[in-house]
Amino acid sequence: MGSFLPHKAYAHQTPLIDSQLRLPMVIALLSLCIAVIAIVRLKLSEKRLQQSEQKIRDSIIASGEVVWDWNLKTNKLERTNDYFFHTDPISKEIPPNKNSIHPGDLDQVKQQLEQHLKGDSDYFEASYRIKDTDGKWRWVLDRGQVTSHDKNKTPLRMTGTVKDISRIKSTQDRLNLLATCIENLTDAVAIYDSNLSLIEVNKRYLATFGGQASEHIGTQFNLPGYKQSYLNKLHQLLNKTGNWKEELKIVHDDKAFFFELSIDAIRCEKQVITHYIAVYSDISERKHAELQLQKMSNRDRLTGLPNRNQFFSNLKKLAVSKSHHALLVFDLDNFKKINDSLGHQAGDILLCRLANRLGKLTRQQDSIYRLGGDEFALVIAGTNDIHTITQTAKEFLVNIEKPFHMSGHELVITSSVGIVLFPEDGNNPEVLLKNADTAMYHAKQHGNRYLFFNDAMNRQAVKRLQIENLIRFGMKEDQFRVFYQPKMDVSTGQLIGMEALVRFITPTKGLISPAQFIPVAEETGQIVEIGRLVFDKACADVKDWLSRGLFNGRCAVNLSAKQFSQPDLARIIDNILKKHELPANFLELEITEGTVMHDPKDAIRIMNELNHIGIHLSLDDFGTGYSSLAYLKQFPLDTLKIDRAFIDDMGNEKGQNMVDSVVTIAHNLGLSVVAEGVENQHQVDVLRALNCEILQGYFYAKPLAKEQFEEFLIAEQKKFNSQAKGTSLTLVANES
Ligand code: C2E
Ligand code: CA
Ligand code: CA
């Protein structure tokens, strides 16, 4: 029970507060606590709200956008972060900032806004110009949305942002302007990527080159009529320097356009080429006018011939080229007299007729000019061949001197020619012309028809002319003889054949060497006649020796380049053989390496024709030309004649190795080998050791006149007979 004592004792104490007051107090206390907590919470949430508002404000400030809030009922417009239009008066109309919008943009803004307020668009968006606090127009992008409506769906509030897009807008405007400019440019423009693949063209490009843009886009950069190597070079240069400019002629649809094409590389910030822009400026009109002008300024008005201007510009180009050319300058000796007596008009007519006459004489490689007055020039390009030049000079002189019939008169004019060779006599037009004039002046002074500036050339020309005349005379007077040089078989030591060599014996100058007159005869064409003569005499001699039992080998006749290219060579030779009733197998032709390599394909054809009639063919002077082994294999040859220079050089091991190689090549090709110019026993021994079958040279005999050769044949026969007898005697002795 005791357990209840304290309770009882307490129950008997006097209470401090009346028990009836206790409950309301507790409640009051609790309420106070709750209120305090609520206040604290409110303060806290207010603070958080402020913080988050600050954050939003900060981010709005950072974004550079103005946030607006428009109460449509009160027409109050609030802006946050407003830094450029805080002073504009608010309008009661729509839009509320109407007063500061550019009049040109107002309608558009109004329309967009009304549409949204009516509910026709999800949001309002307009870009327009607005006057800022400084009174300047700025481009802005304004976006917003209705955020609350009343029960009737009438918009009450709208919120949005305004962004200053003046910078973007001006960049865009610039870009648009540039694009419009390019599109409307009078030049054709094409934009390529870094691989020169086309990505954009303008209107003018399509007008010039035709087609639709889609047909061009994606195609590779190209210049019709220009080679790929040119384009490659262009690309390389572009990569290196970043630009390229050139005047071009482009043929499109059979029409020629002249362009000035400039290409520039476009680089990114890292300086890497990203694009190329090509501008084609049509310069056709200018070019055509230029050409016309050039034509006019380069022609002599009286005769129509190219004039002094043209002469200098052409000569300048030729003078720096690597090949040889000749300039012939001639003026008329007695033109002044004609002018004085018949008048200038008659003189002009004469000059025109002469120009016409001379113009007809010029070949492809020649160009004739009127230098002025009665002075003309002829340029022969690509040659310094004395024969061609003197022949041409003579031909011109003959034609100048042919009489002109004018107003009842027969007029004869004469001329003198001065000749320079270039680069030998000068390497610029002025010097060349001066030297040619000097030569012409000397020609006139000394009563010569033509004169070279270079005296050595004059001497050579004179000598050549003399030889030409001598040959002509010698042919008439039968001064040509055929000599024979034996060819010996190395293994038996017996005569196997001979080479016919022409000799020219004149009563005044004695014997003229073939080395002197054959080249001249070759140039003048006289060699054809001489060759025929040698054939004829050689065939007659061989036939004679054959029938008398003195000879049974083969006679070789030399054939020069001119003879070789006679169209009916095989027939001519066949006729001569028939005339002398000599079988073709007694004849051999020596053709030089130079002759056949000039046009190997044609040579094969001619050689086949000769082969066909049974003539033995030998390649002369082997080693002096540039025979390609590929051709050597195709030539229908029987024999290879090693040039004398190789035999001369056999004193050392290297020289012997060379001959060894030639002999091996010949044998591998199934050809027999003749060594020419054999002069001593040592050469004979070496050549025998190298398996060279046939030897020819002073060691055995010099070229011999017919009578002497006959003696040689008889001696050979005796030698053979005694050898044979000796052999049979020995045999008999052995037998007995
Ligand atoms: P080729 O056909 O190479 O004739 C060989 C030349 O070497 C001949 O000179 C001959 O006399 C010379 N010769 C021969 N053996 C020796 C030697 O041991 N030592 C030296 N130093 N010379 C030797 P040639 O007769 O003066 O003829 C010169 C060239 O003229 C010939 O060279 C040939 O190309 C040409 N030729 C000669 N006769 C005729 C011919 O009838 N018609 C044609 N088209 N050309 C001919
Ligand atoms: Ca020869
Ligand atoms: Ca030879």
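**Exercise 1. The largest pocket**

Determine how the residues of the lining of the largest pocket divide into nonpolar, polar and charged.

*Solution.* Step 1. In this predicted model, the lining of the largest pocket comprises 16 nonpolar, 10 polar and nine charged residues.

Step 2. The lining amounts to 35 residues, and those nearest the centre of the pocket are Glu-499, Leu-501, Arg-503, Pro-514 and Asn-558. The space in this pocket is about 1000 Å³.

Step 3. Elements that each supply at least two lining residues include the strands β18 (480–489), β19 (495–506), β21 (554–559), β22 (587–592) and β23 (616–622), together with the helices α15 (514–524) and α16 (526–547). Strand β19 provides the largest share, five residues.

**Exercise 2. The second largest pocket**

Identify the element that gives the largest share of the lining of the second largest pocket.

*Solution.* Step 1. The second largest pocket has 14 lining residues, with Leu-495, Leu-550, Phe-551, Asn-552 and Gln-717 nearest its centre. Two or more lining residues come from each of β19 and α25 (706–735).

Step 2. Of these elements, α25 gives the largest share, with five residues.

Step 3. The volume of the second largest pocket is about 300 Å³, and its lining consists of seven nonpolar, six polar and one charged residues.

**Exercise 3. The calcium ion (ligand 2)**

State which residues coordinate the calcium ion (ligand 2), and which parts of the chain Glu-499 and Glu-590 tie together.

*Solution.* Step 1. The coordinating residues are Glu-499 (OE), Asn-558 (OD1), Glu-590 (OE) and Asp-620 (OD), at 2.1 to 2.3 Å. Their spacing in sequence is E-x58-N-x31-E-x29-D.

Step 2. Glu-499 belongs to strand β19 and Glu-590 to strand β22, so this pair joins parts of the chain that are 91 residues apart in sequence. Both Glu-499 and Glu-590 are buried.

Step 3. Strand β22 also contains Glu-588. Glu-588 counts as buried because its relative accessibility is 6%, where buried means under 20%. Beyond its neighbours within four places in sequence, Glu-588 has contacts that include Lys-487, Arg-554, Ala-556, His-616 and Thr-639.

**Exercise 4. The calcium ion (ligand 3)**

Name the protein donors of the calcium ion (ligand 3), and classify Asp-621 and Glu-676 as buried, partly exposed or exposed.

*Solution.* Step 1. Asp-620 (OD), Asp-621 (OD) and Glu-676, which contributes OE twice, are the protein donors, lying 2.2 to 2.6 Å from the ion. In sequence the donor residues are spaced D-D-x54-E.

Step 2. Asp-621 in strand β23 and Glu-676 in strand β25 (residues 672–676) are 55 residues apart, and the pair links distant parts of the chain.

Step 3. The relative accessibility of Asp-621 is 23%, so Asp-621 is partly exposed. Glu-676 is buried, because its relative accessible area is 13%.

Step 4. Asp-620 coordinates both the calcium ion (ligand 3) and the calcium ion (ligand 2), and the two ions are 3.9 Å apart.

**Exercise 5. Confidence in the model**

Establish where pLDDT stays under 50 along the protein chain.

*Solution.* Step 1. The average pLDDT of the protein chain is 88, and 95% of the residues score at least 70.

Step 2. Among the elements, strand β26 (residues 694–696) has the highest mean pLDDT, 98, and helix α1 (residues 5–11) the lowest, 39.

Step 3. Values stay under 50 over residues 1–14, which have zero contacts beyond four places in sequence in the model. Residues 728–736 likewise stay under 50, with zero contacts beyond four places in sequence.

Conventions
Residues numbered from 1 in each chain as written. Chains lettered and ligands numbered in written order. Predicted model: local features only at pLDDT ≥ 70, side-chain atom pairs only at ≥ 80, totals over all residues. Heavy atoms only, no water. 1 Å grid on protein atoms, 1.4 Å probe; cavity = no way out; pocket = protein on both sides within 12 Å on 5 of 7 lines; lining within 4 Å. Points joined across faces, edges and corners; volume = space filled by probe spheres on them. Helix = DSSP H or I, 4+ residues; strand = E, 2+ residues; numbered from the N terminus. Nonpolar A, V, L, I, M, F, W, Y, C, P; charged D, E, K, R; others polar. Donors = N, O, S within 2.8 Å, 3.2 Å for Na, K, Ca; no water. Buried < 20%, exposed > 50% of the residue type's maximum accessible area, 1.4 Å probe, protein only. pLDDT = per-residue confidence, 0-100. Contact = heavy atoms within 4.5 Å.
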